[in-house]
Amino acid sequence: MASNKNKLAFLSMPAPASYVAGLGRGASGFTTRSDIGPAREGPSAEVIAEAQARRGEEPEIDPEQFQDPDNEYGLFAGTTYEQDDEEADKIYDDVDQKMDSRRRARREARENAELAKHRAERPKIQQQFADLKRGLSVVTDQEWESIPEVGNLTRKKRRKDERTFAVPDSIIVGDRSKSEYENSLDTRQQQANGFETPADTGTMTNFVEIGQARDKILSLKLDQISGTATTSGSATSVDPKGYLTSLNSVVLKTEAEIGDIKRARMLFDSLVKSNPKHAPGWIAAACLEEHAGRMVAARKLIKAGCEQCPKSDDVWLEAARLHNNDDAKVILANAVQHVGQSVKIWLAAADLEQDAKSKKRVLRKALENIPNSVRLWKETVNLEESATDARILLSRAVEVIPLSVELWLALARLETPERAKAVLNKARKSVPTSHEIWIAAGRLLEQGATGDDPDKTTETRNKELELVDKTIELGVRQLRQHQVLLTREQWLKEAERCESDGSPRTCEAIIKATVSMEVEEEDRLDTWVSDAESAEARGMVGTARAVLAYALKVFPDQRNLWRKAADLEKAHGTKESLDGVLSQAVHYCPQAEVLWLMSAKEKWLAGDVPAAREVLEKAFIANPESEQIWLAAVKLEAENGELGVARELLVRARTVADTERIWMKSAVFERQQGQYAAALETVSTALSKFPKFAKLYMVQGQIRQMEKQYSTARASYAAGLKACPKEITLWVLASKLEELDGKSIKARALLEKGRLVNPANEILWAESVGVEERSGGAAQAKAMLARGLQECPSSGLLWSMSIWAEPRPTRKSRSVDALKKSKDNPLITCTVARLFWTERKIEKARQWFSRSVATEQDKDIGDHWGWWLKFERQHGTPEYMEEVIRQCVAAEPHHGPVWQVIAKDDKNVGKSTKELLAMVADALQ
């Protein structure tokens, strides 16, 4: 035993350096001053470096310390980072990127190889079962059905077997007795005198009193709800009829809204407490409580706001709004004590009054406090029913506020014309910078000149109207002297305003005085034309007329300007005004054939045929060799039954003018009269002079075709195609002749040749499709249409045919493609309108029909007008039909496949546009 070591010897031994008592059982040690010694500074970096050098240790160097230019140590410590250093760093970065790009391919190849090796060694579960998934494709339905269901093999949460039990008879009997009624009393009920249940005290339960008490409690609750509790409980102020309606008006707020209201309430509460002099804060807080339905709290808040911000009229107005009428009057009366110079307070107080007398009293009290308020004066004058009282008030108002243009103008309107002039003169002296006063003076002069005074002569009226021009011109000069420079656009707006107010001469005077302002000399014509067009587009016809009249004075020889003025008068003026414009136009532009023809046509349409003849005679003198004037004279005589005169005019025209069109019209005239031999002779003579004029061949072939001489007609068309191979109509007529003769194969060959000579022509492709359809080859027609669309991808005619060739369910999608490819071609627009028509979408169809004749170019297609009229006959009203006819007559269409066939038929010569439209609508299918 003596040899055993002492197990407790470690207690007398010193503890290890890192020993912490109790660390093994979870205790944490602590350190005291005695453990670490007295507080003194540790060794410096130099001492540590010397000690490491003596021991032969190398100092640890941070490898990144030389990479950061802002934290350098060692060799470059303390130096500044200059531009040279930055350039060096950029060079090193470039070198690193270059080296990295060299090694990138090998590195990426190595990484891909390592990734492939890793995936081969440790494949994903999806890859492991990939072959099994592919094998599922050969599993039959029987094998799939024979796969057993997945069972629970863990024996956990096993489903208990459902067990059923038979229902006892007692439960069935009890349920049966629940719905039965007893019709006899048992023995106990008979002994106790029926249903009177005896009690210990012998008292009886009075159900009548219980019912009365219940009614009284209910009445009290209803009174509390209505806010007018009664003592008896038998009366209530709840409106039985409006009760449910009021319940419907109750807004139920969600929890989110309630939370938002609470947060906003806290914010506004903090706002008004931190800055109680901020009026918008009080208003916002009161509006929040109003929105939350707490009117009492809202009124308290706005009352506090009035106390804190008595100089803010907005707070007083909000307080008046939140109270009833009587309380609002008291609030505004208090507001006047604090903000007596607020116009809004006085106007609000006047609005609270019910009768006009009280309003006048409030407003006159307001004028005593704020005599320089224009708004108060205007409101006071508006309340006056007598013009005399209003005039007195305005006289006082202009004395108090002499710079108010509105008050001066209002006073001038109430005065007589003579006194109004004096008022406007005073106003002009008081406010020399106001253009409204000068305009009002011009309107006053115009009103006096155009008044109902039978004693005034036309010369006197014209002199007075000239004063309007002088007054406006003087006003513009005076305004320039006072440095009031209105822009040209502002003056044009003033002119339009005068026209709207019924002063056309003042409008014209303003245009004369200001339309040439701020315009360069070379841009005058274009600027004035655009001004007239924009004014006409806004419906300001008088302004447009005045601009064009001034432009014509400056440029009297511009025939396009005269044409615009004539079109304006034709669209918006009278026959007299149009005749006057055209008379001046042919006087200044005698070589303008269009103006002569317009003048003659207007007189002819007005029923004055001799005057039309006189105009054309003057036109012959000015333009002796004019083809259009000769043809217009022939048409005038022919349509008025003077066939002999018309034939003589054509003979003279062939001698004097001798143009190809006159020869063609001569042949057509003879054909219309049934003189086929004379027509053919005329055509033969014309072809000897003009062998390249295609219409002569057309007329010759059509005459031969009407005579059933198909071989000679074929020869005429062949000669025409040889002379004019680029004339599309000749190819179509030749093809139709072959079809008429029963030779569809030859018609197809002709059109094929025409397409080779005239590539990418939609009319030839459409005619080819029509030949295939008429010959019974629907498939060939569809293939031909597809080829045509490939060669003419933007053809509206071919796309329209393609839409109708589609089955009905796919037409709409086809029409969308057509609109995109053909860029809103009018033919496609009309086709879409017809699609809506077939779907019974009446309003949409009407809108699209209107779009199909929107532009001037579209209006010339007569077939579109015919389709629209046909639609309105079926679905529209007589008013709609009349509107379509009116627009068509105004447009005077000349083109369209069906329109041209009907209009050029010899039977329809001389018929009006209205009659032709009706025939086209009947012919369209």
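**Cavities, a pocket and a helix pair**

Trainee: Which residue classes make up the lining of the largest cavity?

Mentor: By class, the lining of the largest cavity has three nonpolar residues, one polar residue and four charged residues, and please keep in mind while we talk that this is a predicted model.

Trainee: Which residues are they, and what volume does the largest cavity have?

Mentor: The lining consists of Arg748, Leu751, Glu752, Arg755, Ser768, Val771, Glu772 and Met784, and the space inside the largest cavity comes to about 50 Å³.

Trainee: Which elements give two or more residues to that lining?

Mentor: Those are α39, which spans residues 744-757, and α40, with α39 supplying the largest share, four residues.

Trainee: How many cavities of 30 Å³ or more does the structure hold?

Mentor: There are two of them, and the second largest cavity has a volume of about 30 Å³. Its lining is made by His435, Trp438, Ile439, Ile472, Gly475, Val476, Leu479 and Trp491, which by class gives six nonpolar, two polar and no charged residues.

Trainee: And where in the fold do those residues come from?

Mentor: At least two residues of the lining come from each of α22 and α23, the latter covering 458-481, and α23 contributes the largest share with four residues.

Trainee: Switching to pockets, how much space lies in the second largest one, and which residues are closest to its centre?

Mentor: About 500 Å³ of space lies in the second largest pocket, and of the 22 residues that line it, Arg413, Ile439, Ala440, Arg443 and Leu444 are the closest to the centre. Two or more lining residues come from each of α20 (405-414), α21 (417-430), α22 (435-449) and α24 (488-500), and α22 gives the most, with seven residues.

Trainee: What's the class breakdown for that pocket's lining?

Mentor: The lining of the second largest pocket divides into nine nonpolar, five polar and eight charged residues.

Trainee: Back to α40, then: how do the axes of α40 and α42 lie relative to each other?

Mentor: The axes of α40 (residues 762-774) and α42 (residues 796-805) come within 8 Å and cross at roughly 25 degrees. Since angles under 35 degrees count as roughly parallel, α40 and α42 are therefore roughly parallel to each other.

Trainee: Which residues make the contact?

Mentor: From α40 they are Glu762, Ile763, Trp765, Ala766 and Val769, and from α42 they are Gly796, Leu797, Leu798 and Met801. The residues of this contact divide into seven nonpolar, one polar and one charged.

Terms used
Residues numbered from 1 in each chain as written. Predicted model: local features only at pLDDT ≥ 70, side-chain atom pairs only at ≥ 80, totals over all residues. Heavy atoms only, no water. Axes fitted to C-alpha atoms, helices over the stretch in contact; angles between N-to-C directions. Parallel < 35°, antiparallel > 145°, perpendicular 65-115°, else oblique. Contact = heavy atoms within 4.5 Å. Nonpolar A, V, L, I, M, F, W, Y, C, P; charged D, E, K, R; others polar. 1 Å grid on protein atoms, 1.4 Å probe; cavity = no way out; pocket = protein on both sides within 12 Å on 5 of 7 lines; lining within 4 Å. Points joined across faces, edges and corners; volume = space filled by probe spheres on them.
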